[in-house]
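Colleague: I should like to learn how to read several features of this model. May we take them one at a time?

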Amino acid sequence: MIELKQLQKVYDQQQDAVIKEVTVNILPGEFFVMVGPSGSGKSTILRMIAGLEPITGGDLIIAGERMNDLPPKARHLSMVFQNYALYPNMTVSENITFGLKARKVASATQLQRLSDALALVGLTDYAYRYPRELSGGQRQRVALARSIVSGAEIILMDEPLSNLDAQLRESVRYEIKALQRKLGITVVYVTHDQTEAMTMGDRVMILNDGVVQQIGTPMQLYELPANTFVAKFFGTPQMNVLTAVTDWKNQGVAIDTPFDPDAMVGIRPEAARLNPENADDMAIEFWVATATQIGSETLLFGTINGREETLQFKISGHLDVPAEQFITLYIPRNALHYFDLNGNMLAKVGV
Amino acid sequence: MAQNTSAIQPHQLTSQRGRQVITAHLTALGFLMPSLIFLGVFVFYPLVKTVYYSFFLTNALGQPVKFIGLANYATLLHDPVFLKSLWVTLIFVAAVTSLTTICALYLANLARKHLRGTVIFRTLFASTMGVSVSVASVLWLFFFQPTTGVSDMILNFFHLPPIHWLTGNVWALVAVILTVVWMNLGFAFLAISGALENVPTHLYETAEIEGVTPWLKFRFITLPHISPTLFFVATVTMINAFQTFGQVDLLTKGGPNNHTNLIVYQIYRDAFVNLNVGKASTESMLLAILIALVTFAQFKLTEKRVMYQ
């Protein structure tokens, strides 16, 4: 549906590219998420797809047609912005049909599509309200309806939930996902929120500094992160990565790494157990600095004997773990991730 | 006795509080004094005095001689010279207000695009803000002057008949309007440019994706957003236009045949040339009432069309 071939963005010839050769093929009907920290270039890519930002290298192909130099309206897509971008001087229904009017769509069709879209987002009773009279969530749904009504098969969304409060964000997240499924449209969704990426995306592309780190399903990214950046980006609390591990035995960890002499080892916080499950589980002598109860889980902060990094582990259940002392944690071998010293994945034991 | 001296008596308390209140008021007054004196001497006193004079017959020295009630007003409303002045002023104000607002809007829209050289044009367009009335008038005089003026020289070059800028009945008013509009443009341009900058870019981007034409974008996105500023610019320009004096004095002296005799110029002539302070005061009062009325009408008329967020 949307193909990016070595897509590049250079603002200043003297400086490095902001987007470095991004290549990906977004499939029809796919919910494709671009995620990354701020400044990683995800919004720039989205704006290049939309035609709001000129493309300085590579090809953009939508539905088999090269779109690099076509104006936004010729690309047959629609876009939802973070701040909704509703026209404040128009009512909800005027907002939704403005694009149709501009394109001189027959008024009977306009009305039909309007009432369909309003029903779809549950705003039928708000048709004659002004945006300022709506809540944030309702405004976002108006923006969605406006996108849907255009009949475009591709909807680009630029952090559409960032302006909503946490509770609302969760429910709107599911609404958007359900809507996308129902309509069978292709959505390219930009967010900096890893939870949004994990819960919404059919596939996720993670970016850092304009470079694609990994593309895959949420589970692939979680289970087989291509590098430490991806590994640390997904999952809360983030993965513990121990650098330059050579002599494990003397560091209080009873494990021989298969990657001598040096490797980085990643351990997900939730992989830790208080009791061994398998015979060969890795045992860690862990110095507990603090233990925090958060509802159904207990968070442990501390260090492995003799090492500097602060590690975090998450144990399910209410545990009365005494602080300021050593405890033994067991980690299954297949939960260990290995990276080379540049941070790239080596292999995962047991997978 | 010992008990009495140590305890504070109720009447002592009130007097103490009273003193505090007085001190606070005096401090406040101290801070207000500079602007009170300034406004009093230059605004309130002349205002009251004008109202007072407008009810009197005055002598050549400007002293009130005889109370005549509303007679000044009655005479004025039948005075053909004043009525003509009123008529010319209304035409002038309407022309200046609409031309200034429209031209400034047009220029601001042009200078809005981020192209090479926009900054230079912005500076140029805004530069008339820094020109004084007299300098502007003299500048335009070079253009308008018969035979030696730039206008006539250009027309002559193309073998076209000269335009009687300052001597033709209609052209003279056009000349004054042009000069005033040119002067006002700088401020109006700057204000509207600022308003244009404040229209959220996301709205244009959405419209761009939806395939909305430039005209529709202007009509339904730009105009509603800048309407408060447009309204402000129009009101300020209008009030200023009512009070135009310098350009008339330097370009036409109210001529030819009173065709550029704006009210303020008429007031000036009555007060300082004809030495009829009573009449001039009455005219001032009428002008003030007129401005108030027109501004009020403008507020009422445009209220519903202006979008405040």
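Colleague: Where in chain B is B:Lys253 found, and what is the sign of its phi?

Modeller: Most residues other than glycine have a negative phi, and most peptide bonds are trans. In this predicted model, B:Lys253 sits in the loop between α11 (246–251) and α12 (263–273) of chain B. Its phi is positive, near 55 degrees, although the residue is not glycine. B:His159 also has a positive phi, near 55 degrees, and belongs to the loop between α7 (150–157) and α8 of chain B. B:His159 is exposed, with a relative accessible area of 72%.

Colleague: Which peptide bond is cis?

Modeller: The bond from A:Thr236 to A:Pro237 is cis, with omega near -10 degrees. A:Pro237 is placed in the loop between α8 (228–233) and β11 (240–245) of chain A.

Colleague: How should one read a helix such as α5 of chain A, and which of its residues are buried?

Modeller: An α-helix has 3.6 residues a turn, so residues three or four places apart point the same way. Consider length before burial. Helix α5 of chain A covers residues 166–183, and its 18 residues should span 26 Å at 1.5 Å a residue; the end C-alpha atoms are 26 Å apart, which agrees. The buried residues of α5(A) are A:Val172, A:Arg173, A:Ile176, A:Lys177, A:Leu179 and A:Gln180. Viewed down the axis of α5(A), they fall within an arc of 160 degrees, so they line one face of the helix. The face turned away from that buried side carries the exposed residues A:Gln167, A:Arg181 and A:Lys182.

Colleague: What covers the buried residues of α5(A)?

Modeller: The covering elements of chain A include β3 (31–35), α3 (107–121), α4 (136–149), β7 (154–158), β8 (186–191) and α6 (194–200). A:Gln180, which is part of helix α5 of chain A, offers a detailed case. A:Gln180 is buried, with a relative accessible area of 4%, under the 20% cut-off. Leaving aside residues up to four places away in sequence, A:Gln180 touches A:Gly29, A:Glu30, A:Phe31, A:Ile185, A:Val187 and A:Asp202. After the helix α5(A) comes A:Gly184, with a positive phi near 65 degrees.

Colleague: Which residues touch the most other members of the largest nonpolar core?

Modeller: They are A:Ile45 and B:Phe92, in a core of 88 residues. Helix α8 (residues 169–197) of chain B supplies the largest share of this core, 13 residues. Apart from residues up to four places away in sequence, A:Ile45 touches A:Leu4, A:Leu7, A:Ile19, A:Val22, A:Met34, A:Met205 and A:Leu207. A second, separate core of 40 residues includes A:Tyr84, A:Val92, A:Leu123 and A:Ile206.

Colleague: How is the overall form of chain B to be read: compact or spread out?

Modeller: Chain B has 13 helices and two strands. Its radius of gyration is 27 Å, well over the 19 Å that the globule rule gives for 309 residues, so chain B is more spread out than a compact globule. The C-alpha trace of chain B spans about 110 × 70 × 35 Å along its principal axes. Of the 309 residues in chain B, 41% are buried.

Colleague: Which spans of chain B does UniProt list as "transmembrane region"?

Modeller: The unreviewed UniProt entry lists residues 21–45, 86–107, 119–143, 163–192, 226–245 and 284–301 of chain B. In the model, residues 86–107 of chain B are 100% helix, with end C-alpha atoms 31 Å apart. Residues 284–301 of chain B are likewise 100% helix, and their end C-alpha atoms are 25 Å apart.

Terms used: Residues numbered from 1 in each chain as written. Chains lettered and ligands numbered in written order. Predicted model: local features only at pLDDT ≥ 70, side-chain atom pairs only at ≥ 80, totals over all residues. Heavy atoms only, no water. UniProt positions renumbered as here; feature names shortened; annotations may be inferred. Helix = DSSP H or I, 4+ residues; strand = E, 2+ residues; numbered from the N terminus. Expected span 1.5 Å × (residues − 1). Buried < 20%, exposed > 50% of the residue type's maximum accessible area, 1.4 Å probe, protein only. Arc of directions from axis to C-beta. Contact = heavy atoms within 4.5 Å. Core = buried A, V, L, I, M, F, W, Y, C linked by side-chain atoms within 4.5 Å. Rg over C-alpha atoms; globule rule 2.2 N^0.38 Å.
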